[in-house]
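Work through the exercises below with the model open beside you. Try each task before you read its solution.

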Amino acid sequence: MQKKAPAFNPLIVPEFGTTPAGQPLSYNRAPSRDLAPWIGRIYISKVDLPEGYTLQCSQFNDIACLRLQLAGHWGAKTANGWEESARSACLFGPQTRPMPVRVTGSFTSIGVAIRPGASTALKGVPLPGIIDRLVRTGDLGLPEDELLARFAPEGTPEDWARALEDLFRERVEETGGNLPDPISVQFEQLAYRTPSMTVAQAARDCGVDRRRLERVILRDYGLPPKQVLRRARALDMASHLRGVGDRSEAEAIMLRYYDESHLIHEFADLFGVSPGQFAATAQPLLTLSLEARQARRLEDLKRIAPGDARPWQKAPA
């Protein structure tokens, strides 16, 4: 399916290395076990850029993310238009399409992916209201300066990861430790495993009627279940095209589409370009987010254990 290696930008120097084919990697890991019901992934990206260079790219996250920018000037084109800042702390809602972003100067970004249903359980912001948007943490009762002060610029990735975990432990304790709805938890696994399934089948697998499934998923994902599944299928394909997927899945991922025409139409509808154009364009920031999602997915499906080498990290035989 993929004849050429995906393009990469040689000017991008990520501190945490690249795949054998040159795709950038972040430091990302699963949360501590006690936080696994609410946190999907912790990630840190540090990238050196030439002085004055502005990197134009995008992000496409399927779940809400708390993101803290410790260095670099960034901008993101949200549903409300372009929003820009430097050192900052923001909650990004789930996205229906790639969100254009740009970063000027070397940057350090740390963040946490918040599992579906966790925002509801922890009495957070309703997700339908922040789809394709961001909210500054100050507007959520978490002053940015106080939040950013937890993350010393000279800290290590593990220092920052543990600080993020401590922040969430405080929130879990404050809100009584409510767990996400089991329907949302099971639906997340279904979206990882079989995103080509119908909504009716998903409802049966979750043991509820379709109307209840649709209500719960809209509340906890911000989108209807059909749209969540369609997006999951496209993100798996995008990860494969960028070289940060499990190559043993390539044929199975392709068979989720009726034929090549179906793939091209649906992929272009979400990403704005054909699969071939997508692979031929260097997209370092988007690749970082796709790689973290695929690591989360493979670990959640117990295809790999936390801390194991990921398929795209192995050198070719």
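The exercises that follow treat a helix, aromatic rings, cysteines, two acidic residues and two backbone angles.

The model is predicted, so local features need pLDDT of at least 70 and side-chain atom pairs count only at pLDDT 80 or more, while totals for chains, interfaces and linings use all residues. Residues are numbered from 1 along each chain as its sequence is written, and side-chain values use heavy atoms, with hydrogens and water left out.

**Exercise 1. A helix**

Task: Check the span of helix H4 against its expected value, and find what caps its N-terminal end.

Solution: Begin with the naming, in which helices (H or I, at least four residues) and strands (E, at least two) are DSSP runs, numbered from the N terminus. The expected span of a helix is 1.5 Å times one less than its number of residues. Helix H4 has twelve residues, 182–193, so it should span 16 Å, and the 17 Å between its end C-alpha atoms agrees with this.

Next, look at burial, where buried means under 20% relative accessible area, exposed over 50%, and partly exposed in between, with a 1.4 Å probe and protein chains only. Among the buried residues of H4 are Ile-183, Phe-187, Leu-190 and Tyr-192. With contact taken as heavy atoms within 4.5 Å, the buried residues of H4 pack against helices H5 (199–206), H6 (210–221), H7 (225–241) and H11 (284–300).

Finally, the N-terminal end of H4 is capped by Asp-181, which has a side-chain oxygen 2.9 Å from the backbone nitrogen of Ile-183.

**Exercise 2. Aromatic rings**

Task: Count the aromatic pairs, and classify the pair of Phe-16 and Tyr-27.

Solution: Start from the rule that rings of Phe, Tyr and Trp (its six-membered ring) pair if their centres lie within 6.5 Å, and that planes under 30 degrees apart count as stacked, over 60 as edge-to-face and the rest as tilted. This rule gives seven aromatic pairs. In one of them, the ring centres of Phe-16 and Tyr-27 are 5.9 Å apart and the planes meet at 50 degrees, so the pair is tilted. Phe-16 belongs to the loop between strands S1 (13–14) and S2 (27–29), while Tyr-27 belongs to S2, so the pair ties together parts that are eleven residues apart in sequence.

A further tilted pair is formed by Trp-74 and Phe-92, with 6.2 Å from centre to centre and 55 degrees between the planes. Because Trp-74 lies in strand S5 (residues 65–78) and Phe-92 in strand S7 (residues 88–92), this pair ties together parts that are 18 residues apart in sequence. Both Trp-74 and Phe-92 are buried. Elsewhere, ring pairs link Phe-60, Phe-267, Phe-271 and Phe-278 into a cluster.

**Exercise 3. Cysteines**

Task: Decide how many disulfides the structure holds.

Solution: A disulfide is taken to be a pair of cysteine sulfur atoms within 2.5 Å. A search of the whole structure finds zero of them. For Cys-57, the closest cysteine sulfur is that of Cys-65, at 15 Å, which is too far for a bond. Cys-57 is buried, with a relative accessible area of 13%, and Cys-206 is buried as well, at 11%.

**Exercise 4. Two acidic residues**

Task: Find the side-chain partners of Asp-220 and Glu-299.

Solution: A polar contact is a pair of N or O atoms within 3.5 Å; within protein, one must be able to donate a hydrogen and the other to accept it, and residues adjacent in sequence count only if both atoms are side-chain atoms. Asp-220, in helix H6, is buried at 1% relative accessible area, and its side chain makes a polar contact of 2.6 Å with the side chain of Thr-120. The residues that Asp-220 touches also include Asp-181 and Ser-184.

Glu-299, in helix H11, is buried at 9%, and a polar contact of 2.8 Å joins its side chain to that of Arg-41. Among the other residues touched by Glu-299 are Ala-30 and Pro-306.

**Exercise 5. Positive phi**

Task: Is Asp-132 buried or exposed, and is Lys-302 buried or exposed?

Solution: Asp-132 is not a glycine, yet its phi is positive, at about 60 degrees. Asp-132 lies in the loop between helix H1 (118–121) and strand S9 (134–136), and at 19% relative accessibility it counts as buried. Lys-302 also has a positive phi, near 60 degrees, but this residue is found in the segment after H11 and counts as exposed at 72%.

Terms used: Lists of a residue's contacts leave out its neighbours within four places in sequence.
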